[in-house]
Amino acid sequence: MTAHPEPDLTTADLAELRRLLDVRTARVDGQLALQAQRTEQSERDADELTARVMRLESTRWPLPSLAALTGLAALVVALWQALGR
């Protein structure tokens, strides 16, 4: 009987499948690493934006308090004018 060439083809096919699996695994690993890097960058950006918003909020004018003081000053001036004449 003659030797069948199938074992050689099977071995070659298995080697090709293993190579393809290794390539795909490396590709997935690279994509996961890139995703982790992007996530870290997004977290840093979010932290930076949060800090900027907090700085802006702490230095903003207290508009409601300023409006109340202006209204009170207008009331005092009106009373002064009404009583002063």
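**Two helices, one salt bridge and two surface patches**

Let me begin with E16 and R19, which both sit in helix 1 at a spacing of three residues, about one turn of the helix. Before I go further, please keep in mind that this is a predicted model, and that what I describe is computed from its atoms or, in one case, taken from a record.

The side chains of E16 and R19 meet in a salt bridge, with 2.8 Å from N to O, and a search of the whole structure finds one salt bridge. As background, side chains of opposite charge can pair when their charged atoms come close. How accessible are the two partners? E16 has a relative accessibility of 36% and so counts as partly exposed, and R19, at 45% relative accessibility, also counts as partly exposed, because that class covers the range between 20% and 50%.

Staying with helix 1, which spans residues 6-59, I would like to turn to A46, which is also found in this helix. At 38% relative accessibility, A46 counts as partly exposed. If we take A46 together with L20, the two are 26 residues apart in sequence, and their C-alpha atoms are 39 Å apart in space.

Which residues gather in a patch of negative charge on the surface? They are E40, E43, D45, D47 and E48, and of these I will place E43 for you, since E43 belongs to helix 1.

Now to the second part of the chain, where the record comes in. UniProt, in an unreviewed entry, places the feature "transmembrane region" at residues 61-83, and I would treat that with some care, as such annotations may be inferred rather than shown by experiment. In the model, the chain over residues 61-83 is 91% helix and 0% strand, while the C-alpha atoms at the two ends of that stretch are 33 Å apart.

Helix 2 covers residues 63-84, and L79 lies in it. With a relative accessible area of 48%, L79 is partly exposed, and L79 is also one of the residues of a nonpolar patch on the surface, which L79 forms with L69, L72, L75, V76 and L83. Together, the residues of this patch have about 640 Å² of accessible area.

To close, I would leave you with the salt bridge between E16 and R19, the negative patch that includes E43, and the nonpolar patch that includes L79.

Conventions: Residues are numbered from 1 along each chain as its sequence is written. This is a predicted model: local features need pLDDT of at least 70, side-chain atom pairs count only at pLDDT 80 or more; totals for chains, interfaces and linings use all residues. Side-chain values use heavy atoms; hydrogens and water are left out. Patches are made of residues with over 30% relative accessible area and no salt bridge: like charges are joined within 9 Å, nonpolar side chains (Val, Leu, Ile, Met, Phe, Trp, Tyr) within 5 Å. Accessible areas come from the Shrake-Rupley method with a 1.4 Å probe; for residues, only the protein chains shown count as cover. A salt bridge is a side-chain nitrogen of Lys or Arg within 4 Å of a carboxyl oxygen of Asp or Glu. Lys and Arg count as positive and Asp and Glu as negative; His and the chain ends are not counted. The place of a charge is taken as NZ of Lys, CZ of Arg, CG of Asp or CD of Glu. Helices (H or I, at least four residues) and strands (E, at least two) are DSSP runs, numbered from the N terminus. Buried means under 20% relative accessible area, exposed over 50%, partly exposed in between (1.4 Å probe, protein chains only).
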